[in-house]
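Student: Please take me closely through one part of this predicted model, the nonpolar core and the aromatic side chains around it. I would like one connected account.

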Amino acid sequence: VASSFDAAGRPGGFMPRSVYVLVMVLASSGLPLLIWWLMVRMTQQGTLALPNAGHWLAPPRRDGTLRFMRAHTAAFSLALCVFMAHVNWLVAAANPVPRPAAAVAFDSTRFVIGLGAFLAFALAWVIVLVVRFARRR
């Protein structure tokens with residue numbers, strides 16, 4: 001499987017299909033699950049660092065704050081999963097079967113659009129987080 005590409009979409013690296021599938025499963029589902037699991041653990045262990053933590057983690061607001069953090073992290077994990085699925089789809093499309101060597105081409109434009117969408121989401125995600133916890137309600 002052609003697994004890495006230059007800016008023009010030409011393949012630059014190959015790996016066995018079984019290795020590629022394992023890498024994509026880990027990147028598409030394992031990494032988002034790990035990020036979400038780490039947030040759940042931090043909220044359970046009380047190791048969550050927030051601005052104005054004394055306010056946000058005080059008993060009247062603690063449960064709501066922890067619920068928000070878990071849900072907010074779940075949204076990021078889902079967006080990461082969708083982005084990685086998009087990348088996998090582009091790689092699969094670049095590897096037609098049967099595969100004549102000249103037919104392998106990665107759609108860099110769609111990759112940049114997907115990356116831009118994910119980065120825009122990540123920026124909005126951070127802004128929501130900062131705005132939510134920078135002020136006291």
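Tutor: Start with the largest nonpolar core, which has 16 residues; F76, F83, M84, V91, F106 and F118 are the members that touch the most others. Helix 1 (17–45), helix 3 (59–93) and helix 4 (108–134) are the elements that each give two or more residues to this core. Helix 3 supplies the largest share, eight residues. A second core, of nine residues, lies apart from this one, and L50, L66, F68 and F133 are among its members. In soluble globular proteins, nonpolar side chains tend to be buried together.

F106 is a useful place to look more closely. With a relative accessibility of 12%, F106 falls under the 20% cut-off and therefore counts as buried. Setting aside neighbours within four places in sequence, the contacts of F106 are F5, G9, L90, V91, A94 and F111. V91 is thus named twice, as a contact of F106 and as one of the core residues that touch the most other members.

Next, the aromatic rings. Over the whole structure, a search finds eight aromatic pairs. One of them joins F68 and F133 edge-to-face, with 5.6 Å from centre to centre and 70 degrees between the planes. This pair links distant parts of the chain, since F68 is in helix 3 and F133 in helix 4, 65 residues apart. F68 and F133 are both buried, and both belong to the nine-residue core. The rings of F106 and F111 pair as well: their centres are 5.9 Å apart and their planes stand at 55 degrees, so this pair is tilted. The partners differ in burial, because F106 at 12% counts as buried, while F111 has a relative accessible area of 26% and is partly exposed.

F106 and F111 also belong to one aromatic cluster, together with F5, F76, F83, F118 and W125. Among the cluster residues, F76, F83, F106 and F118 appear again in the list of core residues that touch the most other members. F5 appears again as a contact of F106.

Back at F68, there is a charged neighbour to note. R132 lies over the face of the F68 ring, 4.2 Å from the ring centre.

Helix 4 also holds A122. A122 has a relative accessible area of 15% and is buried. Its C-alpha lies 9.1 Å from that of L80, although A122 and L80 are 42 residues apart in sequence.

Charged side chains also pair with each other, and the count of salt bridges comes to two. D107 forms one with R110, where the closest N and O atoms are 3.4 Å apart. Both partners are partly exposed, D107 at 30% relative accessibility and R110 at 42%. In the other, the side chains of R10 and D6 meet at 3.0 Å, N to O. Here R10 is exposed, with a relative accessible area of 53%, whereas D6 is partly exposed at 31%.

Finally, there is a backbone detail. N52 sits in the loop between helix 1 and helix 2 (53–56). Its phi is near 55 degrees, a positive value in a residue other than glycine. At 27% relative accessibility, N52 counts as partly exposed.

How values were computed:
Residues are numbered from 1 along each chain as its sequence is written. This is a predicted model: local features need pLDDT of at least 70, side-chain atom pairs count only at pLDDT 80 or more; totals for chains, interfaces and linings use all residues. Side-chain values use heavy atoms; hydrogens and water are left out. A nonpolar core is a set of buried Ala, Val, Leu, Ile, Met, Phe, Trp, Tyr and Cys residues joined through side-chain atoms within 4.5 Å. Buried means under 20% relative accessible area, exposed over 50%, partly exposed in between (1.4 Å probe, protein chains only). Helices (H or I, at least four residues) and strands (E, at least two) are DSSP runs, numbered from the N terminus. Contact means heavy atoms within 4.5 Å. Rings of Phe, Tyr and Trp (its six-membered ring) pair if their centres lie within 6.5 Å; planes under 30 degrees apart count as stacked, over 60 as edge-to-face and the rest as tilted. A charge sits over a ring if NZ of Lys or CZ of Arg is within 6 Å of the ring centre and within 35 degrees of the ring normal. A salt bridge is a side-chain nitrogen of Lys or Arg within 4 Å of a carboxyl oxygen of Asp or Glu.
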